[in-house]
Amino acid sequence: MKKFIYADNAATTPVSQPVLEAMLPYLEGEYGNPSSIYEKGRRALAAIEEARRQVADALHCKPREIYFTGCGSEADNWAIKGAAMALYKKGKKHVITTVFEHHAVLHTTQKLEKLGMEVTYLPVDENGLLTAEDVKAAIRPDTALVSIMYANNEIGTVLPIAEIGAVCRQAGVLFHTDAVQAVGNVEIDVQAQNIDMLSLSAHKFHGPKGVGALYIRSGVRIENFLDGGGQEGGHRAGTENVASIVGMGRAIELACAPGAIAKKRDHLVPLRDKIIAETLKLPHTRLNGHPTQRLPGTINISFEGVEGESLLLMLDLAGIAASSGSACTSGSLDPSHVLLSLGLSHDVAHGSLRLSLAEDITAEDADYIISSIPPVIERLRAMSPLWEKIVKEEQAGA
């Protein structure tokens, strides 16, 4: 059989067997509507509330502060639009975010600009970091909301969320974080980290696609996302996706069980660092993102003189599934806005490779990835006019 290594877990993860087993009853006999008062409906409602508790336990908050959504992008939209529109009525017309957020955040803030709000897009440094002081300096008397991602989806850099949250809390400004990539990879405590709202998505930690959640701290009032029913406290109408909600509850319970995140980190970091170190031995390569302050399984490396799509196709032929940037923009010919925000040129940004590893990767898999990349890069550079130009310029300057 052809060797296959799945190294695109930042895009999505496979549903684990325990999660599938938890979901199956609600895809078969337990099909009741949670809003019905008879026994089958009550059992469905009880399953939803158990999942709400599981998500709350993972984030260290109260179950009533968890609202189920259709995905992480929906949670981002609801948090940002809901808070901004609620506070706009009170004269708060300013929002702060960063230049390298997921498009679920950036497109939402751009929509707010069209509605008359002002948005500050904070730059990040060459490693994808910014400081709490950067945020503090941008806060104004009319600032309604700060939205900064917990960990970047392309380069894996982890932001100083607790410090940023403290600055926002002191200023009396709401703080939202897109934690879609962070949940299950780092320890999160919304209370200790001064987080007012947090978005997550089940399929990033071995749950099903099509379900997410939004944490909204008690006392925070935002606009409803969807009117027309009493579900989710009357804030998001629509019959609940019971099976997927149950699956998310089980998935987050497993991902955030005591010791699970530390065990995952201890397994992944040495393999991640070995792949990085060996790959960077190739000439004209660059690690994107902070060297240590990054997600345990995320690697992003740029190769000069290489086109990203060709790199992915050739790695696929070798049995390695990876990506060249955000999964949500993989069809775009434009270079990644995240990589450009780090100061990379268009040519270098185009030649990027993202590998995102999960718990199932072995040392043998890591070695196979390490051995597979150099011949692919060599072959692509041999066909590249850009690489020929780089070599000629080096020879001329020697």
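Two strands count as paired if DSSP finds at least two bridges between them. That rule is the starting point for a walk through this structure, which is a predicted model.

Strand β8, at residues 212-216, is a convenient place to begin. Strand β2 (residues 66-69) is joined to β8 by four bridges, and the two run antiparallel. Within this pairing, T69 sits opposite G212 of β8. A second antiparallel partner of β8 is strand β7 (residues 197-201), with five bridges between them. Here L200 is the residue that faces A213 of β8 across the pairing.

How many of the residues of β8 are buried? Five of its five residues are, so that the strand is mostly covered by the rule that buried means under 20% relative accessible area. The cover is found on both faces of β8. On one side G212, L214 and I216 are buried, and on the other A213 and Y215 are buried.

The loop between β7 and β8 holds H203. The relative accessible area of H203 is 15%, and because buried means under 20%, this residue counts as buried. The side chain of H203 makes a polar contact of 2.7 Å with the side chain of T12.

Strand β12 (residues 352-356) can be read in a similar way. Five of the five residues of β12 are buried, and the strand is mostly covered. Its two faces are both covered: S352, R354 and S356 are buried on one side, L353 and L355 on the other. Strand β10 (residues 298-303) pairs with β12 in the antiparallel sense, over five bridges. In that pairing S302 stands opposite S352.

The next topic is charge. Side chains of opposite charge can pair when their charged atoms come close. With a cut-off of 4 Å between a side-chain nitrogen of Lys or Arg and a carboxyl oxygen of Asp or Glu, the count comes to 21 salt bridges.

One of these joins the side chains of K3 and D365, at 3.7 Å from N to O. K3 belongs to the segment before β1 and D365 to helix α12 (residues 363-382), so this salt bridge ties together parts that are 362 residues apart in sequence. The two ends are covered to unlike degrees: K3 is partly exposed, at 37% relative accessible area, whereas D365 is buried, at 15%.

Another salt bridge links the side chains of E223 and K89, with an N to O distance of 2.9 Å. E223 is in the loop between β8 and α7 (242-255), while K89 is in the loop between α3 (72-88) and β3 (94-98), so the pair ties together parts that are 134 residues apart in sequence. E223 is partly exposed, with a relative accessible area of 32%. K89, at 63%, is exposed.

A salt bridge within one helix is that of E50 and R53, whose side chains meet at 2.5 Å, N to O. Both residues lie in helix α2 (residues 39-59), three residues apart, about one turn of the helix. Are E50 and R53 buried, partly exposed or exposed? E50 is partly exposed, at 35% relative accessibility, and R53 is partly exposed too, at 30%. In the case of E223 and K89, described above, the pair ties together parts that are 134 residues apart in sequence. Salt bridges that share partners also join E50, R53, D57, R250 and E253 into one network.

The surface has a nonpolar patch as well. V15, L20, L24 and L27 form it, and together they have about 320 Å² of accessible area. V15 is placed in the loop between β1 (5-6) and α1 (17-23). At 40% relative accessibility, V15 is partly exposed.

The cysteines come last. How many disulfides does a search of the whole structure find? The search finds zero. C256 is in no disulfide, and the nearest cysteine sulfur, that of C61, is 11 Å away. Since a disulfide needs two cysteine sulfur atoms within 2.5 Å, C256 and C61 do not form one. The relative accessibility of C256 is 23%, which counts as partly exposed. C71 is also partly exposed, with a relative accessible area of 30%.

Key
Residues numbered from 1 in each chain as written. Predicted model: local features only at pLDDT ≥ 70, side-chain atom pairs only at ≥ 80, totals over all residues. Heavy atoms only, no water. Patch = residues over 30% accessible without salt bridge, like charges linked within 9 Å, V, L, I, M, F, W, Y side chains within 5 Å. Areas by Shrake-Rupley, 256 points an atom, 1.4 Å probe, with all protein chains shown as cover. Buried < 20%, exposed > 50% of the residue type's maximum accessible area, 1.4 Å probe, protein only. Polar contact = N/O pair within 3.5 Å; in protein donor to acceptor, adjacent residues only side chain to side chain.
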